[in-house]
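Trainee: Got a minute to go through this one with me? I'd like to start with a helix and work outwards.

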Amino acid sequence: MAVATAIRGSSVVDITPVETSSWHRKMGISPIFILPDTLCRWRWNRKLNPNYEKVKAESKAWLESFHAFPPKAQNAFNRCDFNLLASLAYPNASAEHLRTGCDLMNLFFVFDEYTDICDAKEARKLADIVMDALRSPDLPRPQDESVVGEITKQFWLLAKKTSIKSAQDVFIETFDNYTTSVVEQAEDRSTHHIRDVESYLRVRRDTIGAKPSFALLHLGSELPTGFLSDPLVEYITTITIDLLIIGNDICSYNVEQARGDDAHNMVTIVMNSMCLNLDEALLWISNFHDILVDLFQETYSIIRRELPILNTSDAAVSYIDGLGNWVRANDCWSFESERYFEQKGVMIQSTRTVELLPRI
């Protein structure tokens, strides 16, 4: 029987579906659920950066040098292949900019794993360490602080060498919002608070880390003044983030519910707030996702037609297309890595059929 492995801080949790069918019978729960095919109408196809293997090796060796996890947990972390996520999300990036993307994805998930076992007070300490390292990367880190500080420092020192000032400023601002939202998530976790859909999306739009990730879409290219604050661009950015949230949450739900860590997940939120079972919640989320897909494509067409700056700025065109590609990239990575489905991801991507894991 397969074992789904999740990293938790400095340990590995093995989610082993032993006696799965009997457990489901006892609980009166269907042992199988169907993932909605959310991107069947998505125009952006899978594209992988040709520098993937080379840059992956570099970023992997860099991260492992910090010994942020013990060997077993580091192996589980590596199987998630966050470098693949970056290489799908930034398929046209140079090797230097892809390295920034790979290092960022690794930093995101180190911070995520560390804060997932923290209360709000400890999460706030880690957030402050990270932001101090970003704002003062030239200063040495205190010897007694979490290794996440040194990881952040080295990430940013290298990233700054190949990125323009405007992209750096956007990244710092949005990463600050991200770390603050993670503290808010930790507070919810400590108090066992389950939000409604609206308040969940408000927090999740930052905890997912999309906005600092989007800053990497223009690391070396100056966007037109005011472009990111244009109402249409802000609107399509929000739609993109909501699509990413749904894509991530429906794929991560199974392992999260198995370990009792699913309160910050769209599936649980919908089930709880609307009094729906799992299948009904997934149907509601699928319909909501379809609406967002239509809104994205309509807004994309309006932007291409009515924003004249796109006729003179290749950077602006690349940014908008980069948003569309991010949705496809996240979906592909969710199935191609072992983060959520072990080695069955590609098969599940095709069949959409998932065996519900028992609670551990």
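**Helices, loops and cysteines**

Mentor: Start with helix 14, residues 314–336, which has 23 residues and reaches 31 Å from its first C-alpha to its last. That is close to the 33 Å expected at 1.5 Å a residue. Keep in mind that this is a predicted model.

Trainee: Where is the kink in helix 14 centred?

Mentor: On G324. The kink in helix 14 is about 25°.

Trainee: And how many of the residues of helix 14 are buried?

Mentor: 19 of its 23, so the DSSP-defined helix 14 is mostly covered, with buried meaning under 20% relative accessible area.

Trainee: OK, packing next. How do you describe a helix pair in general?

Mentor: Two packed helices are described by the angle between their axes and the distance between the axes.

Trainee: Then at what angle do helix 4 and helix 5 pack?

Mentor: Helix 4 (residues 82–89) and helix 5 (residues 95–115) pack at about 135°, and their axes are 8 Å apart. That angle makes helix 4 oblique to helix 5. The crossing of the two is right-handed.

Trainee: What about helix 2 against helix 4?

Mentor: Helix 2 covers residues 52–64. Its axis and that of helix 4 come within 10 Å and cross at roughly 140°.

Trainee: Why are helix 2 and helix 4 called oblique?

Mentor: Because roughly antiparallel needs an angle over 145 degrees, and helix 2 and helix 4 cross at roughly 140°. They are therefore oblique to each other. Helix 2 passes helix 4 in a right-handed crossing.

Trainee: Now helix 6 and helix 7. At what angle do their axes cross?

Mentor: Roughly 25°, and the axes come within 8 Å. Helix 6, residues 120–135, is therefore roughly parallel to helix 7, residues 147–160. Helix 6 passes helix 7 in a right-handed crossing.

Trainee: Back to helix 4. Is A86 buried or exposed?

Mentor: A86 is found in helix 4. It counts as buried, at 0% relative accessibility.

Trainee: And how far is A86 from Q257?

Mentor: Their C-alpha atoms are separated by 26 Å. Along the chain, A86 and Q257 are 171 residues apart.

Trainee: L88 next. Where is it found?

Mentor: L88 is found in helix 4. At 1% relative accessibility, L88 counts as buried. L88 and R46 are 7.2 Å apart, C-alpha to C-alpha, with their positions 42 residues apart in sequence.

Trainee: Changing topic: backbone angles. What sign of phi should I expect?

Mentor: Most residues other than glycine have a negative phi.

Trainee: So what is the phi of H192?

Mentor: Positive, about 60°, although H192 is not a glycine. H192 is found in the loop between helix 8 (165–191) and helix 9 (197–207). H192 is exposed, with a relative accessible area of 71%.

Trainee: And what is the phi of C275?

Mentor: About 55°, positive, and C275 is not a glycine either. C275 is found in the loop between helix 12 (266–274) and helix 13 (278–306). At 69% relative accessibility, C275 counts as exposed.

Trainee: Speaking of cysteines, how many disulfides does the count come to?

Mentor: Zero.

Trainee: Why is there no bond between C80 and C251?

Mentor: Because the sulfur of C80 is 13 Å from the sulfur of C251, too far for a bond. The cut-off for a disulfide is a pair of cysteine sulfur atoms within 2.5 Å. C251 holds the closest cysteine sulfur to that of C80.

Trainee: Is C80 buried or exposed?

Mentor: C80 is buried, with a relative accessible area of 4%.

Trainee: A couple more residues. Where is L307 found?

Mentor: In the loop between helix 13 and helix 14. L307 is buried, with a relative accessible area of 11%. The C-alpha atoms of L307 and D230 are separated by 9.5 Å, and the two residues are 77 residues apart along the chain.

Trainee: Last one: which helix does Y200 lie in?

Mentor: Helix 9. Y200 is buried, with a relative accessible area of 0%.

Trainee: How far apart are Y200 and T312 in space?

Mentor: 38 Å, C-alpha to C-alpha. In sequence, Y200 and T312 are 112 residues apart.

Key
Residues numbered from 1 in each chain as written. Predicted model: local features only at pLDDT ≥ 70, side-chain atom pairs only at ≥ 80, totals over all residues. Heavy atoms only, no water. Buried < 20%, exposed > 50% of the residue type's maximum accessible area, 1.4 Å probe, protein only. Helix = DSSP H or I, 4+ residues; strand = E, 2+ residues; numbered from the N terminus. Expected span 1.5 Å × (residues − 1). Bend = angle between axes of the 7 residues up to and from the residue. Axes fitted to C-alpha atoms, helices over the stretch in contact; angles between N-to-C directions. Parallel < 35°, antiparallel > 145°, perpendicular 65-115°, else oblique. Left-handed = near helix turned anticlockwise from the far one by under 90°.
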